[in-house]
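The following exercises are to be worked with the sequence and the model side by side. Each task is followed by a solution that goes step by step.

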Amino acid sequence: MSDFVIELPQPATLPVRGTNSLFPVRRVYCIGRNYAAHAVEMGHDPDKEPPFFFQKNPNNLDTSGTFPYPPHSSDVHHEAELAVALKSGGKNIAVENALDHVFGYGVSLDMTRRDLQGQAKKMGRPWEIGKAFENSAPITPLVPASESGHPENGIIKLTINGEVRQEGDLNQMIWKIPEMISYLSDYFELAAGDVILTGTPAGVGPVERGDKMEVTVDGFPSLEVTVV
Ligand code: MN
């Protein structure tokens, strides 16, 4: 066995609810503008756009329950999202077979440095600086699909300090979960360990230090995160 020239980085993992087992994370894909009302609030026409994706880093996922306000931004937004975790993958996966690849689901946040993302958009630059920063993807332990089933509808909601800020229904996704998996697999080779954040309903907005965010999705444990 060969050794490593530097210390092996810690693998990114997510706990699995009700077990002592961990889900190893390989890649994190995020879909943009997947709820019509959110696309409209961001100034886009939801009818004309094919899906598009960006990525976060596996170790941006964070189950600690705290979100450190990141540097170089004064406009950090919450985006409440359902996360899908894959137990297998492949290329050119058919929509009909896509859910066979799902291990389970988590409730997550796609935290965004909106000011930096806005500058990047304006300058035609990539979005990583706005999206893929440390602790930018708070998430719950995963719930196996064998327990939750595959959700097609249900309220997804975010409150801050008890006040509702985002609310939608999973059935409002423009691109459904099987379609997202199939579409991604036409462009990338998906594999076990991949996680997909499925987009956010309308109502995104800024957070402040001290805020208590709670994301609820019908049928799943809620995600509680304090901004510090
Ligand atoms: Mn998002």
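**Exercise 1: The manganese site**

Glu81 is buried, with a relative accessible area of 0%; buried means under 20% relative accessible area, exposed over 50%, and partly exposed in between (1.4 Å probe, protein chains only). The model is a predicted one, in which local features need pLDDT of at least 70 and side-chain atom pairs count only at pLDDT 80 or more, while totals for chains, interfaces and linings use all residues. Residues are numbered from 1 along each chain as its sequence is written, and side-chain values use heavy atoms, with hydrogens and water left out.

Task: Identify the residues that coordinate the manganese ion and state how they are spaced in sequence.

Solution.
- Step 1. Apply the donor criterion: N, O and S atoms within 2.8 Å of the metal (3.2 Å for Na, K and Ca); water is not among the atoms, so sites may look incomplete.
- Step 2. The manganese ion is coordinated by Glu79 (OE), Glu81 (OE) and Asp110 (OD), at 2.0 to 2.1 Å.
- Step 3. The spacing of these donor residues in sequence is E-x1-E-x28-D.
- Step 4. Consider burial: Glu79 counts as buried because its relative accessibility is 4%, and Asp110 is buried as well.

**Exercise 2: Salt bridges around the site**

Task: Determine which salt bridges involve Asp110 and Glu79, and what network they belong to.

Solution.
- Step 1. Use the criterion for a salt bridge: a side-chain nitrogen of Lys or Arg within 4 Å of a carboxyl oxygen of Asp or Glu. Over the whole structure, the search finds seven salt bridges.
- Step 2. Asp110 meets Lys56 in a salt bridge, at 2.8 Å from N to O. This pair links distant parts of the chain, 54 residues apart: Lys56 belongs to strand S4 (residues 53-56), and Asp110 to the loop between strand S9 (102-109) and strand S10 (112-113). Helices (H or I, at least four residues) and strands (E, at least two) are DSSP runs, numbered from the N terminus.
- Step 3. Glu79 meets Lys131 in a salt bridge, at 3.4 Å from N to O. Here too distant parts of the chain are linked, 52 residues apart: Lys131 is in helix H3 (residues 128-131), and Glu79 is in the loop between strand S7 (76-78) and strand S8 (80-86).
- Step 4. Lys131 and Glu79 are both buried, as are Lys56 and Asp110.
- Step 5. A further salt bridge joins Arg165 to Glu163, with the closest N and O atoms 3.3 Å apart. Arg165 counts as partly exposed, at 33% relative accessibility, and Glu163 is partly exposed at 48%.
- Step 6. Through shared partners, salt bridges join Lys56, Glu79, Asp110, Arg114 and Lys131 into one network.
- Step 7. Lys56 also lies over the face of Phe133, 5.9 Å from the ring centre; the criterion requires NZ of Lys or CZ of Arg within 6 Å of the ring centre and within 35 degrees of the ring normal.

**Exercise 3: Aromatic pairs**

Task: Classify the aromatic pair of Tyr29 and Phe188, and locate both residues.

Solution.
- Step 1. Rings of Phe, Tyr and Trp (its six-membered ring) pair if their centres lie within 6.5 Å; planes under 30 degrees apart count as stacked, over 60 as edge-to-face and the rest as tilted. The count comes to nine aromatic pairs.
- Step 2. Tyr29 and Phe188 are tilted, at 5.1 Å centre to centre and 45° between the planes.
- Step 3. The two residues are 159 residues apart: Tyr29 is in strand S3 (residues 28-31), and Phe188 is in the loop between helix H5 (177-187) and strand S15 (195-197).
- Step 4. Tyr29 counts as buried, at 1% relative accessibility, whereas Phe188 is partly exposed at 34%.
- Step 5. One aromatic cluster is formed by Phe53, Trp175, Tyr183 and Tyr187.

**Exercise 4: Two open sheets**

Task: Give the strand order of the open sheet of three strands and of the one with five.

Solution.
- Step 1. Two strands pair if DSSP finds at least two bridges between them.
- Step 2. The sheet of three strands has the order S10-S7-S16, with antiparallel pairing. Its edge strands are S10 and strand S16 (205-206), each pairing on one side only.
- Step 3. S7 and S16 are joined by two bridges, and His77 has Pro206 as its bridge partner in S16.
- Step 4. The sheet of five strands has the order S6-S18-S17-S13-S14, and its pairing is mixed.
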